[in-house]
Amino acid sequence: MDAALREGERGGAAGEVPVGAVVVRDGEAIAAAANAPIASHDPTAHAEVLALRRAGAALGNYRLAGCDLYVTVEPCAMCAGAAVQARIRRLVFGCADPKAGAVGSLVDVVRDARLNHRIEVVAGVEEARCRALLQRFFAARR
């Protein structure tokens with residue numbers, strides 16, 4: 001989660017909402033990203049999606065079986081769906097997103113029994129640090 005927090009800080013410094021994501025396989029980070037929809041003019045350029053894309057490129061496969069995704073904030077529906085499509089093994093996130101979270105807050109995309117893949121979820125890792133990163137960012141913008 002430390003690496004995801006560093007990515008979030010990097011994104012926040014660039015004016016993006018400070019969310020960071022890291023894909024890990026066998027204990028090694030293989031891809032990382034910060035939010036970039038503003039800079040890239042791309043509504044899909046969330047940290048999770050960018051990290052998944054980079055991990056797929058690094059492994060030469062769109063299926064990321066055996067990989068874990070660490071994210072500072074609970075993923076939205078798009079990002080949760082991308083994690084399911086990538087066959088992520090475990091999703092670890094810091095703080096919940098009660099307004100847009102799709103891993104238990106509004107819906108639970110990654111554990112929906114109707115889908116052919118479900119993801120193990122670990123929530124609340126470094127929760128205070130992840131929440132503080134967001135709070136500092138938005139307080140500075142007000």
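Is Asp42 buried, exposed or partly exposed, and what is its relative accessible area? In this predicted model, Asp42 has a relative accessible area of 23% and is partly exposed, because the buried class is confined to values under 20%. Its salt-bridge partner is Arg53, with the closest N and O atoms 4.0 Å apart. Arg53 belongs to helix α3 (residues 47-59), whereas Asp42 sits in the loop between α2 (37-40) and α3, so the pair ties together parts that are eleven residues apart in sequence. Arg53 is likewise classed as partly exposed, at 45% relative accessibility.

A search of the whole structure returns ten salt bridges, and among them is the one between Asp68 and Arg89, for which the closest N and O atoms are 2.8 Å apart. This pair links distant parts of the chain, since Asp68 is placed in strand β3 (residues 67-73) and Arg89 in the loop between α4 (77-86) and β4 (90-95), a separation of 21 residues. With a relative accessible area of 5%, Asp68 is buried, while Arg89, at 41% relative accessibility, counts as partly exposed. Asp68 and Arg89 are also joined with Arg90 and Glu120 into one network, through salt bridges that share partners.

A further salt bridge is formed by Asp112 and Arg114, whose closest N and O atoms are 2.6 Å apart. Arg114 is exposed, with a relative accessible area of 74%, a value that falls in the exposed class because that class begins over 50%.

Methods:
Residues are numbered from 1 along each chain as its sequence is written. This is a predicted model: local features need pLDDT of at least 70, side-chain atom pairs count only at pLDDT 80 or more; totals for chains, interfaces and linings use all residues. Side-chain values use heavy atoms; hydrogens and water are left out. A salt bridge is a side-chain nitrogen of Lys or Arg within 4 Å of a carboxyl oxygen of Asp or Glu. Helices (H or I, at least four residues) and strands (E, at least two) are DSSP runs, numbered from the N terminus. Buried means under 20% relative accessible area, exposed over 50%, partly exposed in between (1.4 Å probe, protein chains only).
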